[in-house]
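Let's take a walk through this one, a stop at a time. Have the model open as you read.

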Amino acid sequence: MKLVFFCPTWGYDQIPFDNFLARVCDSGFVGVETSFPRDSYSEKQIQQRVASIKAHGLELITQHWETITPDFERYKREFETRLWQNVETQPRLINSQTGRDFFEFEQSLELIDIAEKVEKQSGIKILHEIHRGRFSFAAHVTRKFLDARPKLKLTADLSHWCCVAGNMLEDQNEHLQQALVRSEHIHSRVGYSEGPQVPDPSAAEWQETVNIHLNWWMEILENAKAQGKECFSVTTEFGPAPYMPSIPHSNTPTCDQWQANLYVMERLRERYEDSVLI
């Protein structure tokens, strides 16, 4: 099974897009994961960005996150519209931060069903990201949706569950295992009991936490291999401030975002290549 890495555009708006893409190519990524909120990009700008990604020989994963209205009926309309807008870019897959954590269970199921309909009609895979503030905000809650919708597929960003639970999920293994089996994409950010991103994944004091995440990611890859998948995608998603902690009074980041993502990519790649999964 081939393991491929994607780079987030999150945090890199300060450099020209083509320069960023060249750096992505040089660093061993096969593509980028990005979003195209319509209040930030015109259709022409979206087309230009997609064309630039393809011109650099890179693949595209798109994100949906920007539907945030608390009004469910409005959310439902905007959600479907934005999924179809993502489909227009013909990505490898759509990674969706779906729903709001306070929507009723049946309401969230409606959104999951909308995504399944769009996936079926478009042929573009839609995954639902484990994320705070969404229907998937906690392991025990997400388990109910996995049981209710056997076709539901996840993007595993387990950092969110760590800070929601306030621990490293050692007391939620049954729910966690169900999510690992149903995950088809990974966001390899390292969270801990007090937050969604450790200050520096290369620091010695965080290696135990990094290894917990590596073990989870390897379980996902083992499951994917057993299911007969030939390729699996990972987006390294250490983010900028405020995800990236800063040193008080100086606003200096605790580490370099790019280097953090390269570090985690190399750690996972080395662990994977040392396994028998290839």
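## Tyrosine 263, on the borderline

Start with tyrosine 263, which has a relative accessibility of 22% and so counts as partly exposed, since the buried class takes in values under 20%. Keep in mind that this is a predicted model. Tyrosine 263 belongs to helix α9, which covers residues 257–273.

What does tyrosine 263 touch, once its neighbours within four places in sequence are set aside? The contacts are Pro201, Ser202 and Gln207. Of these, Gln207 is one of the buried residues of α8. There is also a link in space to threonine 236: 27 residues separate it from tyrosine 263 along the chain, and their C-alpha atoms are 9.3 Å apart.

## Helix α8 and the main core

Now for α8, which runs over residues 207–226. Does its length come out as expected or not? With 20 residues at 1.5 Å a residue, α8 should span 28 Å, and the end C-alpha atoms are indeed 28 Å apart, so the two agree. Just past the end of α8 sits glycine 228, with a positive phi of about 90°.

Plenty of α8 is tucked away: the buried residues are Gln207, Thr209, Val210, His213, Leu214, Trp216, Trp217, Met218, Ile220, Leu221 and Ala224. As for spacing, an α-helix has 3.6 residues a turn, so residues three or four places apart point the same way. Within the list for α8 you can pick out Val210, Leu214 and Trp217, for example.

The largest nonpolar core counts 65 residues, and Phe20, Leu221, Phe232 and Leu268 have the most contacts inside it. Helix α8 puts eight residues into this core, the largest share. A second core lies apart from it, with 13 residues, including Tyr75, Phe103, Leu111 and Ile114.

Leucine 221 deserves a closer look. Beyond its neighbours within four places in sequence, leucine 221 is in contact with Met1, Leu3, Ile186, Phe232, Leu268, Tyr272 and Leu277. Two of those partners, Phe232 and Leu268, are also on the list of residues with the most contacts inside the core.

## One cavity

How many cavities of 30 Å³ or more does the model hold? Just one, and it encloses about 40 Å³ of space.

Its lining is made up of Thr9, Tyr12, Asp13, Ile15, Phe17, Phe20 and Arg49. Sorted by class, that gives four nonpolar, one polar and two charged residues. Phe20 is a familiar name here, as one of the residues with the most contacts inside the largest nonpolar core.

## Two pockets

The largest pocket holds about 450 Å³ of space. It has 19 lining residues, and those nearest its centre are Trp10, Ser35, Gln63, Trp65 and Glu237. Strand β2, residues 31–35, gives the most to this lining, with three residues. By class, the lining of the largest pocket splits into four nonpolar, eight polar and seven charged residues.

The second largest pocket has about 160 Å³ of space. Around it you'll find Ile112, Ala115, Glu116, Glu119, Lys120, Ile126, His128, Lys151, Leu152 and Lys153. Helix α4 (105–122) and strand β5 (125–129) each bring at least two residues to this lining, and α4 has the largest share, with five. The classes here come to four nonpolar, one polar and five charged.

## Backbone oddities

Two residues that aren't glycines have a positive phi. Leucine 169 has a phi of about 65° and sits in the loop between α6 (159–165) and α7 (173–181). Histidine 249 has a phi of about 75°, and its place is the loop between β9 and β10 (252–253).

Are these two buried or exposed? Leucine 169 has a relative accessible area of 3%, so it is buried. Histidine 249, at 89% relative accessibility, counts as exposed, because the exposed class is for values over 50%.

The last stop is a cis peptide bond, running from alanine 241 to proline 242 with omega near 10°. You'll find proline 242 in the loop between β8 (231–235) and β9 (246–247).

How values were computed. Residues are numbered from 1 along each chain as its sequence is written. This is a predicted model: local features need pLDDT of at least 70, side-chain atom pairs count only at pLDDT 80 or more; totals for chains, interfaces and linings use all residues. Side-chain values use heavy atoms; hydrogens and water are left out. On a 1 Å grid over the protein atoms alone, a cavity is a set of points where a 1.4 Å probe fits but cannot get out, and a pocket is an open set with protein on both sides within 12 Å along at least five of seven lines; lining residues have an atom within 4 Å of a point. Grid points are joined across faces, edges and corners, and a volume is the space filled by probe spheres set on the points. Ala, Val, Leu, Ile, Met, Phe, Trp, Tyr, Cys and Pro count as nonpolar, Asp, Glu, Lys and Arg as charged, and the others, Gly among them, as polar. A nonpolar core is a set of buried Ala, Val, Leu, Ile, Met, Phe, Trp, Tyr and Cys residues joined through side-chain atoms within 4.5 Å. Buried means under 20% relative accessible area, exposed over 50%, partly exposed in between (1.4 Å probe, protein chains only). Helices (H or I, at least four residues) and strands (E, at least two) are DSSP runs, numbered from the N terminus. Contact means heavy atoms within 4.5 Å. The expected span of a helix is 1.5 Å times one less than its number of residues.
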